[in-house]
Amino acid sequence: MRQDLHRRALVLLVFLAAVGMFAGGVWRYGYVQALDQLSKRGESDMTLAADRLMGQLQLYQQLSVLTAEHPLVQAVLAGAEPGILQPLLLRQADKTAALDVLLVNHAGQVLASANQTEPVDLSHTYFVKRAKQGALGEAHGINLKTGQRAYYFAAPVFAPAGHVRGALVVVANVSRVEAEWRGARPAVFFTDGNGEVFITNRSELLFWQRTPAGGLMPSEGPEPDFTARQTSGHEIWQQSWSPYVPERAMHLSRHLPVIGLTVETMLDVDPARGLAWLQATVVAAVCLAFGAFLFLATERRRTLSIANLRLESRVAERTAELSQANLALRHEVAERSAAEAALKKAQDDLVQAGKLSALGQMSAGISHELNQPLMAIQQFADNGAAFLAKQRTDVAAQNLTRISAMAARMARIIKNLRAFARQESEPVTRVDLTLVIDQALELSEARLRQEGVTLDYTPPGVPVHVMGGDVRLGQVLVNLISNAVDAMAGRADKHIQIRLRPEGDKICLDVADTGPGIREPEKIFDPFYSTKEVGAEDGMGLGLSISYGLVQSFGGAIRGRNRPEGGAIFTVELTAAQGAQAA
């Protein structure tokens, strides 16, 4: 047992070590891939920053070239009064926000200046020397008068003979140039040939110097912490220069010979590390989950194997008991099936008995409805024969038409009686509720007239389709009408109201009477509950219970309550078929 535990522990340690090594490899691969993507983005950012700077400086370059060709510049260099050029230079400086715009002669002496920010003698400067050679001179430095960083453009001014007379110098304000992108991401700075930061979007790095280790340090104060290392060809700096400079960053640089500066950028590598950690974590989690699954599957198989051995030893003991229990269960299932069949037959017989009971209550009225047209038919037949004997065929034809109408009425009454008495076993289907109401009212018409009951019912004029069975719905409605007539026995005002109304996806059928109401509404649907006298021949208290079961059999509901104005109202709630309407 102990050896087995030691073996499983060793396997677990080896697995964890393998997962750790694999996750480490994934982290390394993901980190290098992220650094490659970061390097490409950094190169684009660096190119954008360099293009933006050179584009802004190019405005001042073009200003110097265009102003050098101005006639007043030629006139002053030819010997005119320098004061005539002062307004032009001042206007150019104001429009472009340049520190100064000035004109020097071939000897490097300043003849005219917009703001007098430069010394009188500029012959020693590199940009003037280049202009005297006929080229466009450029340089950067600190303006001696204002102390601001400046970038100089010196455009040569040529005489008509072709030699250089002097130079038009534009002094650009570097602070104004970099103000538009200060604080933007990523951190970008431009260093000169001495390794000094001359332009940057992080003002705290301005005038920092390059250290022997390759980093930067302020011109005054101790050298901050700095380390640099190579990761798959990428230079990674780690420092604590400023909260606005990433502590761990990728360093990229590119020399810009056009302006004599080197653009450098620092890209935060923490997102790349976070992405690599996320990938490694996901891989490790998947491996651990897979290992846990294998471990659990192995343990489960081992446990099942042990349990199987134990189970097999008990199967033989339980087989005889299970066989006996199975035999007893089959007998019980057979008995329950027989009892269920007997119950269903009793329920069907009870429903049929309810129908026959309702037919018995309506038999007197129905007999009158059939006897009256039979006597009329006999009378019209005798009269028709007499009229035919007298050759009065037109009157005989009228009698025959009346006989046909009365026969059709008798056939319709008998058809409704046969449909009502039929035992319905069809499934729930789409039924027109208005036809069911018409048939129930035709069956109950004789009794309503005999009992002196007035009926308030207006057909909706359109079919109202619900889900149910026409015979079962007819029995429910006949039962409700019959109960309403019984409830109003002995009262002066006998009135039944029938209404159809929609309610959401349901169709509600209301049957209201003017009887005494319901004494115990909560028991009204209980079997054998009746408000009639004990021993009465007209009911056993099963009508509403049967109606309740019939409505529920096709997914409906029936409820009864007392009306505030007196009497009772029963509501049959049925599921509306698609396209059903109600007035």
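Here are some questions and answers about this predicted model.

User: Happy to start broad: how many helices and strands does the chain have?
Analyst: Sure! The chain runs to 583 residues, of which 40% count as buried. Its secondary structure comes to 10 helices and 20 strands.

User: Which helix gives the most residues to the largest nonpolar core?
Analyst: That core holds 55 residues, and Leu 168 and Phe 190 touch the most other members. The top contribution, 15 residues, comes from one helix spanning residues 2–68, namely helix H1.

User: What is Phe 190 in contact with, beyond its neighbours within four places in sequence?
Analyst: Contact here means heavy atoms within 4.5 Å. With those neighbours left aside, the partners of Phe 190 include Trp 181, Glu 196 and Thr 262. Also among them are Ala 49, Ala 50, Leu 53, Leu 256 and Leu 261. The list is completed by Val 197, Phe 198, Ile 199 and Val 263.

User: How many residues are in the other core, the one with Leu 448?
Analyst: This core lies apart from the one that includes Phe 190. Val 464, Ile 518 and Ile 558 are among its members, as is Leu 448, and its size is 40 residues.

User: Nice. In what order do the strands of the five-stranded open sheet come?
Analyst: A good way in is from the edges: strand S2 (110–113) and strand S3 (137–142) each pair on one side only. The pairing is antiparallel, and the twist averages 25° from one strand to the next. Reading across, the order is S2-S1-S5-S4-S3.

User: Which residue in S5 stands opposite Leu 103?
Analyst: Strand S1 (residues 100–105) and strand S5 (residues 164–173) run antiparallel and are joined by six bridges. Within this pair, Leu 102 has Val 169 as its bridge partner. Opposite Leu 103 stands Leu 168.

User: On the other side, what is the bridge partner of Val 104 in S2?
Analyst: S1 and S2 run antiparallel too, with three bridges between them. They form a hairpin with four residues between the strands, where Gly 108 takes a positive phi near 90°. In S2, Val 104 has as its bridge partner Val 110.

User: How many of the six residues of S1 are buried?
Analyst: Helix H3 (residues 86–96) lies across S1, S2 and S5, and runs at about 140° to S1. Buried means under 20% relative accessible area. S1 is mostly covered, and its count of buried residues is five.

User: To finish, what share of the exposed area do carbon and sulfur atoms supply?
Analyst: The chain exposes about 32500 Å². Of that area, carbon and sulfur atoms supply 58%.

Note on methods. Residues are numbered from 1 along each chain as its sequence is written. This is a predicted model: local features need pLDDT of at least 70, side-chain atom pairs count only at pLDDT 80 or more; totals for chains, interfaces and linings use all residues. Side-chain values use heavy atoms; hydrogens and water are left out. A nonpolar core is a set of buried Ala, Val, Leu, Ile, Met, Phe, Trp, Tyr and Cys residues joined through side-chain atoms within 4.5 Å. Buried means under 20% relative accessible area, exposed over 50%, partly exposed in between (1.4 Å probe, protein chains only). Helices (H or I, at least four residues) and strands (E, at least two) are DSSP runs, numbered from the N terminus. Two strands pair if DSSP finds at least two bridges between them. Axes are lines fitted to C-alpha atoms, for helices over the stretch in contact, and angles run from 0 to 180 degrees between N-to-C directions. Accessible areas come from the Shrake-Rupley method with a 1.4 Å probe; for residues, only the protein chains shown count as cover.
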